[in-house]
Amino acid sequence: MKNRNKILMKRKANPFISLSLAFCLLMFCNVRFSSAQIIEGKDYSSRADVDHTFDMAGEDIFGQRFPSENFTYPDEVTGVKINALTTSRHSSSKMYQTHPQWTSDGEYIVFSSNRTARDGKGRQYYAVSMDNFEIVQITTGDDGSNFHLGWSSGNAYFVRNNNIIELDLHRLLGDSEVNSVGKPEDYEKLLAKVPDSIKPSGIGLDAKENRVFYSTRIDENTSAIYSTDLKSGETKKLKEVPFRIGHLQANPYVTGEVMYCWETGGDSPQRIWYLSIGDNGAVTNKPLFEESDSDWVTHEVFMGPDHILFNVMGHLDRLKKNKTGIFSLNLRTNELKYHGQTNGGGYWHSNATKDGKWIAGDTFDGKLYRINANDSTDVKLLTQGHRGLSKSPFTKEAHMHQSVSPNGKWVLINSSYFTDNDIMLVPLHPEISR
């Protein structure tokens, strides 16, 4: 730190030193001094990695481990203690809310970031420890397409050149903790090859982890859903539909069930669709929550094995003919339940505890609420300010895309509170001491 300060002081004293030269000198000091251990009789070995952070663009190194970036602060309105898991100047984002965020043992959260990208291009996946908040890089190169954590195993799954790869994430994270990470191929297993004529998009992992589902574009107005068996390698075409498919997700609790959406980039004629495969292989496909002309449905997620949760947007006058807000739907009985609406354009995303008792809903201007699923008047503001400039969903600030932890204690969010995009942990029940 003293060396860095001297450089900065010289820069101020000599205005003719360019910013680029100062930067080069700063980087030189990092390289020259960070690995030093004993200088002038003083042992600095305990500080050998203090420069090894993500604040500068790092190298793309599989399995590398970095110090914690976490920063806790009390929300200035609610007083709730928020934990920012990432605080570097890069863009870090949680995975989409349709997919698991925590490893199956609950010990790590997986997220993506451009922190080792060059020229601003490319993202990798990283895992942050729930214990000490240290971060480890878990993909490299061109890996990471259609990344999906295992529901119950310690594995992760992704697609590389139409190959479906199983990553032994549990072993990789264990090896990283003792600084003994091998080559990427030491942790990979080729499970299946998808035909080259198919371009997998948005894989969903079956509840039994024995197959993946994905969509592909056939032409501008046609898409199809396929499945690939992870044991036999067999690929089957399940359904072709006359629209663009987006946000495909498998039921985490019930095998052979897939929810997906009609994607338009905005409102769609009929947003939510559901595909199921019977024991005899028969495929059933149907719409869920059939919409009226004034409904704008978005951000559907599973809410336990038998329910889904979704939002009916209320940010435009023309959308207010019917009820707007958060709804849940029973997949078996088609029973619809209303969970309320809020001001300022309404709720935007939602997620729930596994037992369906508590819902986390957010707004365009970056507020996060806890909602009692059985009493829509029991609402608590947990945190705010995560999209401080926004009054509309269509801005560049972070989309919260909240996910509730499997144990029901935490809500993981994207936030623009500090930087363009960080990931943060919010306690779902802050009134309960941890």
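**Entry 1. Salt bridges**

I searched the whole structure, which is a predicted model, and the search returned 14 salt bridges. I then looked up several of them in turn.

I began with Arg 211 and Asp 206, which form a salt bridge whose closest N and O atoms are 3.3 Å apart. Are these two residues buried or exposed? I found both Arg 211 and Asp 206 to be buried.

Next I turned to Glu 240 and Lys 237, whose side chains meet in a salt bridge with an N to O distance of 2.5 Å. I noted Glu 240 as partly exposed because its relative accessibility is 41%, and a residue counts as buried under 20% and as exposed over 50%. Lys 237 has a relative accessibility of 45%, so I entered it as partly exposed too.

I also recorded the salt bridge between the side chains of Lys 367 and Asp 365, at 2.7 Å from N to O. For Lys 367 I noted a relative accessible area of 27%, and therefore the label partly exposed. I then asked which residues are joined into one network by salt bridges that share partners. The network consists of Glu 257, Asp 306 and Arg 332.

**Entry 2. A patch of negative charge**

I looked next at charges on the surface. A patch of negative charge gathers there from Asp 105, Glu 107, Asp 131 and Glu 177. I followed up Asp 105, and I located it in the loop that runs between strand E6 (92–94) and strand E7 (108–113). Why can Asp 105 be called partly exposed? Its relative accessible area is 37%, and partly exposed covers the range between under 20% for buried and over 50% for exposed.

**Entry 3. The sheet that holds E6 and E7**

I then traced the strands on either side of that loop. E6 and E7 belong to an open sheet of five strands, in the order E3-E9-E8-E7-E6, with antiparallel pairing. I noted strand E3 (65–66) and E6 as the edge strands, since each of them pairs on one side only.

As a reminder to myself, strands of a sheet pair through backbone hydrogen bonds, and the pairing is either parallel or antiparallel. How many bridges join E3 and strand E9 (residues 135–137)? I recorded two bridges, in the antiparallel sense. Within this pair, Arg 65 stands opposite Val 136 in E9.

**Entry 4. A second open sheet**

I recorded another open sheet of five strands, which has the order E4-E5-E32-E31-E30 and antiparallel pairing. Which strands stand at its edges? They are strand E4 (71–74) and strand E30 (403–404); each has a single partner strand, so one side of each is left without a neighbour in the sheet.

Inside this sheet I examined strand E5 (residues 81–84) and strand E32 (residues 422–427), which run antiparallel and are joined by two bridges. I identified Met 424 in E32 as the bridge partner of Ala 84.

**Entry 5. A hairpin**

I looked up strand E14 (residues 201–205) and strand E15 (residues 211–219), and found that they pair in the antiparallel sense over three bridges. Ser 201 has Ser 215 in E15 as its bridge partner. The two strands, E14 and E15, form a hairpin with five residues between them. In the turn I noted Glu 209, which has a positive phi of about 55 degrees.

**Entry 6. Two asparagines with positive phi**

I kept in mind that most residues other than glycine have a negative phi. Asn 161 has a positive phi, near 50 degrees. Asn 162 is likewise not a glycine, and its positive phi is about 70 degrees.

Where do these residues lie? I placed Asn 161 in the loop between strand E11 (156–160) and strand E12 (163–167), and Asn 162 in the loop between E11 and E12. I entered Asn 161 as exposed because its relative accessible area is 63%. Asn 162 has a relative accessible area of 9%, so I entered it as buried.

**Entry 7. Asn 179**

Finally, I located Asn 179 in the loop between helix H3 (169–177) and strand E13 (188–193). Its relative accessibility is 73%, and Asn 179 therefore counts as exposed. I also looked up its separation from Gln 64, which is 115 residues away along the chain. The C-alpha atoms of Asn 179 and Gln 64 are 8.3 Å apart.

Conventions. Residues are numbered from 1 along each chain as its sequence is written. This is a predicted model: local features need pLDDT of at least 70, side-chain atom pairs count only at pLDDT 80 or more; totals for chains, interfaces and linings use all residues. Side-chain values use heavy atoms; hydrogens and water are left out. Patches are made of residues with over 30% relative accessible area and no salt bridge: like charges are joined within 9 Å, nonpolar side chains (Val, Leu, Ile, Met, Phe, Trp, Tyr) within 5 Å. Accessible areas come from the Shrake-Rupley method with a 1.4 Å probe; for residues, only the protein chains shown count as cover. A salt bridge is a side-chain nitrogen of Lys or Arg within 4 Å of a carboxyl oxygen of Asp or Glu. Lys and Arg count as positive and Asp and Glu as negative; His and the chain ends are not counted. The place of a charge is taken as NZ of Lys, CZ of Arg, CG of Asp or CD of Glu. Helices (H or I, at least four residues) and strands (E, at least two) are DSSP runs, numbered from the N terminus. Buried means under 20% relative accessible area, exposed over 50%, partly exposed in between (1.4 Å probe, protein chains only). Two strands pair if DSSP finds at least two bridges between them.
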